[in-house]
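Student: Please show me the structure, and let us discuss strand pairing and aromatic rings.

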Amino acid sequence: METGIKLSPRLKAIAGLVIAGEPVADIGSDHAYLPIYLVKNRIVPSAVAVEVRPGPWKRAANQVSLHGLAGKIEVRLGDGLSPLEKGEAATVVLAGMGARTIIRILSNAKAILPSIKRLVIQPMAEVSLVRQWLYENGYHLTDEELVQEGEHYYFILAAEEGKEKLPSSLELEFGPILLAKKHP
């Protein structure tokens with residue numbers, strides 16, 4: 001189904017890791033393309049797009065309005081997961097940020113994290129730090145993708161609650177699931 005929103009390979013891979021049929025929250029949503037795509041294609045019933053600055057918040061709100069989705073996508077201004085209520089989103093997406101920013105956001109959201117079923121994370125660098133934080137904080141990876149977009153490669157992680165052994169340093173760097181599935 002064509003919906004007027006064409007996602008980049010990176011955002012398309014992120015969309016593929018979201019829990020279908022359940023609400024999503026996109027933290028640092030920018031233009032809200034991901035939530036718009038997910039709702040328009042009926043992958044999720046509703047979404048929350050969060051932005052920390054007024055400029056990007058306004059861009060996201062304008063895009064949601066332009067696509068006639070104000071009733072299904074709520075655009076909120078706030079830092080990290082703080083604008084979310086418990087149980088409001090099954091999947092939380094944290095994409096296009098630095099690893100340390102992602103870790104800070106997750107560390108500051110310990111009260112709401114247990115209500116979230118899946119984290120989909122795409123750090124811009126230092127992905128091993130994110131993997132290590134997840135394993136040290138009661139999460140494990142359920143899937144990983146590596147996507148090339150132009151000259152850049154992006155690691156995309158799906159994580160859920162559950163204690164597992166900390167992967168080796170090689171696995172933390174390159175991804176235990178990517179290595180196991182012999183990703184090209």
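Student: In which sense do strand 5 and strand 7 pair?

Tutor: In this predicted model, local features need pLDDT of at least 70, side-chain atom pairs count only at pLDDT 80 or more, and totals for chains, interfaces and linings use all residues. Residues are numbered from 1 along each chain as its sequence is written, and side-chain values use heavy atoms, without hydrogens and water. Strands are DSSP runs of E, at least two residues long, numbered from the N terminus, and two of them pair if DSSP finds at least two bridges between them. Strand 5 (residues 118-123) and strand 7 (residues 152-161) are joined by three bridges, and the sense is antiparallel.

Student: Which residue of strand 7 is the bridge partner of Ile121?

Tutor: The partner of Ile121 is to be sought in strand 7. That bridge partner is Leu157.

Student: Which strands are the edge strands of the sheet?

Tutor: Seven strands form an open sheet of mixed pairing, ordered 3-2-1-4-5-7-6. An edge strand here pairs on one side only, which applies to strand 3 (73-77) and strand 6 (139-149).

Student: Over which ring does the charged end of Arg10 sit?

Tutor: A charge sits over a ring if NZ of Lys or CZ of Arg is within 6 Å of the ring centre and within 35 degrees of the ring normal. For Arg10, the distance to the ring centre is 5.6 Å, and the ring is that of Tyr154.

Student: At what distance from the ring centre of Phe155 does Arg131 lie?

Tutor: Arg131 lies over the face of Phe155. Its distance from the ring centre is 4.9 Å.

Technical notes: Helix = DSSP H or I, 4+ residues; strand = E, 2+ residues; numbered from the N terminus.
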